[in-house]
Amino acid sequence: MSIAENVARIRAEMAAAAIACGRDPKEIKLCAATKMNDANAVRQAIAAGVDCCGENRVQELTAKLAENAYEGAPVHFIGHLQTNKVKQVVGKVDLIQSVDSERLLRAIDKEAEKQGITQDILLEVNIGEEASKSGFGADDILPLMEKIGEFPNICVKGLMAIPPISHNSGENLKFFQKMWQISVDIRAKKGDNVMVECLSMGMSGDYPDAIACGSTMVRVGTAIFGARNYAKDSSR
Ligand SMILES: *Cc1c(COP(=O)(O)O)cnc(C)c1O
């Protein structure tokens, strides 16, 4: 199956999942998770109509930006970002979805101030509380929002969920429901630098369930591009 055929199939499944729970399919964006796929594959996904691209690694982001790979679509950062690399990401992407610590939030805010911009971000939640994953705990989000005014050069657009890998539908429903509840709780929060509108959750294995639980953005890699070839990847 070609990238274009895959995107069309995923769109149809996204629409079906939305309609099944009484939602407007237009509310849900498709983010192509482009890690380990080259500029040519990224261009095909954009031509096929994905809403945005999500990149995981700074090195790949920088290389593909230099190749104009993302022309025609917004680009997001969705991987773990080290504080010493914020300069290479802030101001270069439309949204940093993977803000996983207060330390990183502070570093992004500082760099945005230096550049004279406001950087849109999502707070990443380690909703399955897995030791191997980064992200805020579910209980950290509300207290953090109470002091978000300390970071005037960022704008919080919502949350990104990193749940456990799921292989069967239904497995992550409880985590997606919990994410929805947190997003409702912070939506009530008003502030100059808060505009909660995005709940980024759902990947190749579970995006219909995520949509049923209120996701507004699914991040799909394998189902668009095919399995990633980790054997070819010299950086791991
Ligand atoms: C790779 C990745 C995805 C997509 O995963 P697939 O299972 O290939 O769809 C989504 N989000 C993040 C943060 C990723 O790193």
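**Exercise 1. Determine which polar side-chain atom lies 2.5 Å from an oxygen atom of the ligand, and how much of the ligand the protein buries.**

Solution. In this predicted model, a polar side-chain atom of Thr-222 lies 2.5 Å from an oxygen atom of the ligand. As for the burial, the ligand taken alone exposes 380 Å², and the protein buries 88% of that area. The next step is to look for other contacts with ligand oxygen: an N or O atom in the side chain of Asn-56 is 2.8 Å from an oxygen atom of the ligand, and for Gly-221 a backbone N or O atom lies 2.8 Å from such an oxygen. With a cut-off of 3.5 Å for a pair of N or O atoms, the Asn-56 pair at 2.8 Å counts as a polar contact.

**Exercise 2. Describe the shell of residues around the ligand by class.**

Solution. Begin with the members, which include Ala-33, Lys-35, Ile-78, Met-203, Arg-219 and Arg-228, along with Asn-56, Gly-221 and Thr-222. Sorting the shell by class then gives five nonpolar, four polar and three charged residues.

**Exercise 3. Locate the space taken by the ligand and characterise its lining.**

Solution. First, the ligand occupies the largest pocket, which holds about 1,000 Å³ of space. Next, 38 residues line this pocket, and those closest to its centre are Lys-35, Asn-56, Ile-78, Gly-79 and Ile-162. Turning to secondary structure, helix 3 (58-66) and strand 8 (217-220) each contribute at least two residues to the lining. Finally, the lining of the largest pocket divides by class into 12 nonpolar, 17 polar and nine charged residues.

Conventions:
Residues are numbered from 1 along each chain as its sequence is written. This is a predicted model: local features need pLDDT of at least 70, side-chain atom pairs count only at pLDDT 80 or more; totals for chains, interfaces and linings use all residues. Side-chain values use heavy atoms; hydrogens and water are left out. A residue is near a molecule or strand if one of its heavy atoms lies within 4 Å of it. A polar contact is a pair of N or O atoms within 3.5 Å; within protein, one must be able to donate a hydrogen and the other to accept it, and residues adjacent in sequence count only if both atoms are side-chain atoms. Accessible areas come from the Shrake-Rupley method with a 1.4 Å probe; for residues, only the protein chains shown count as cover. On a 1 Å grid over the protein atoms alone, a cavity is a set of points where a 1.4 Å probe fits but cannot get out, and a pocket is an open set with protein on both sides within 12 Å along at least five of seven lines; lining residues have an atom within 4 Å of a point. A molecule sits in a cavity or pocket if more than half of its atoms lie within 2 Å of its grid points. Ala, Val, Leu, Ile, Met, Phe, Trp, Tyr, Cys and Pro count as nonpolar, Asp, Glu, Lys and Arg as charged, and the others, Gly among them, as polar. Grid points are joined across faces, edges and corners, and a volume is the space filled by probe spheres set on the points. Helices (H or I, at least four residues) and strands (E, at least two) are DSSP runs, numbered from the N terminus.
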